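Trainee: Could we take a close look at a single part of this model, the place where charged side chains pair up? Please take me through it slowly and then set it against the rest of the chain.

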Amino acid sequence: MCSRRYGGGRVRSTTPAEERYIVLSAKRNRRTTAQQVANQFLAATGKQISRKTVARSLRGGGLYALRPVVCVPLTRQHRTARLQWCREHHNWTEQDWAVVLFSDESRFSLSSDCRRQLIWRESGTAYRPEKSRKRTDIRHAVSWCGQAS
């Protein structure tokens with residue numbers, strides 16, 4: 001008769017309760033880095049853990065380091081102006097649009113560290129208001145035609 005012996009493998013550095021604490025501290029301040037969460041954990045418990053352990057615990061809790069969605073807060077005046085612009089240009093031909101240049105804010109980085117600020121968020125929550133970063137510059141969204149509400 002043969003049976004599997006439990007307890008084999010590497011000893012875990014954190015308990016399930018400590019992993020829940022790590023996830024909770026990342027949810028309280030979603031803009032903290034994994035190293036900052038590890039430092040907070042050290043201050044709270046006196047136990048040293050690596051940033052990779054923090055990242056694994058957060059992934060286990062359903063949190064991923066992702067870029068926040070950038071959105072422009074639109075006022076009623078902005079929406080009205082956009083709707084008016086769309087109505088004025090809805091009958092343009094391809095020749096009219098051929099001379100229009102649409103620009104975007106594409107970033108190109110030759111180094112591996114692009115210094116983008118990431119937040120810890122769950123998959124599928126990109127467009128929730130608390131998970132997005134507001135932009136005050138309206139000129140970057142002029143070409144979008146939305147409905148006034």
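Mentor: Let us begin with two residues, bearing in mind that this is a predicted model: Glu122 is buried, and Arg30 is buried as well. Their side chains meet in a salt bridge, with 3.7 Å from N to O. Glu122 lies in the loop between β3 and β4, whereas Arg30 lies in the loop between α1 and α2, so this pair ties together parts of the chain that are 92 residues apart in sequence.

Glu122 has a further partner, since its side chain also meets that of Lys27 in a salt bridge, here at 3.8 Å from N to O. This second pair again links distant parts of the chain, because the loop holding Glu122 runs between β3 (119-121) and β4 (132-134) while Lys27 sits in helix α1, 95 residues away. Lys27 has a relative accessibility of 36% and therefore counts as partly exposed, whereas Glu122 and Arg30 are both buried. Taken together, Lys27, Arg30 and Glu122 are linked in a network of salt bridges. As a general point, side chains of opposite charge can pair when their charged atoms come close.

The count of salt bridges comes to 4, and one of them joins the side chains of Arg12 and Glu19 at 2.5 Å from N to O. In that pair Arg12 is exposed, with a relative accessible area of 56%, and Glu19 is partly exposed, with 22%.

Helix α1, which carries Lys27, also takes part in a ring contact. The count of aromatic pairs comes to 3, and in one of them the rings of Tyr21 and Phe41 have their centres 6.2 Å apart and their planes at 50°, so that the pair is tilted. Tyr21 belongs to helix α1 (residues 16-28) and Phe41 to helix α2 (residues 34-45), which places the two 20 residues apart. At 1% relative accessibility Phe41 counts as buried, while Tyr21, at 31%, counts as partly exposed.

As for the setting, the protein chain has 5 helices and 4 strands, and from the N terminus on its elements run α-α-α-β-β-α-α-β-β. Of its 149 residues, 23% count as buried, and Glu122 and Arg30 are among the buried residues. Among contacts between residues at least 6 apart in sequence, 76% join residues at least 24 apart; the pairing of Glu122 with Arg30 spans 92 residues, and that of Glu122 with Lys27 spans 95.

How values were computed: Residues are numbered from 1 along each chain as its sequence is written. This is a predicted model: local features need pLDDT of at least 70, side-chain atom pairs count only at pLDDT 80 or more; totals for chains, interfaces and linings use all residues. Side-chain values use heavy atoms; hydrogens and water are left out. Rings of Phe, Tyr and Trp (its six-membered ring) pair if their centres lie within 6.5 Å; planes under 30 degrees apart count as stacked, over 60 as edge-to-face and the rest as tilted. Buried means under 20% relative accessible area, exposed over 50%, partly exposed in between (1.4 Å probe, protein chains only). Contact means heavy atoms within 4.5 Å.
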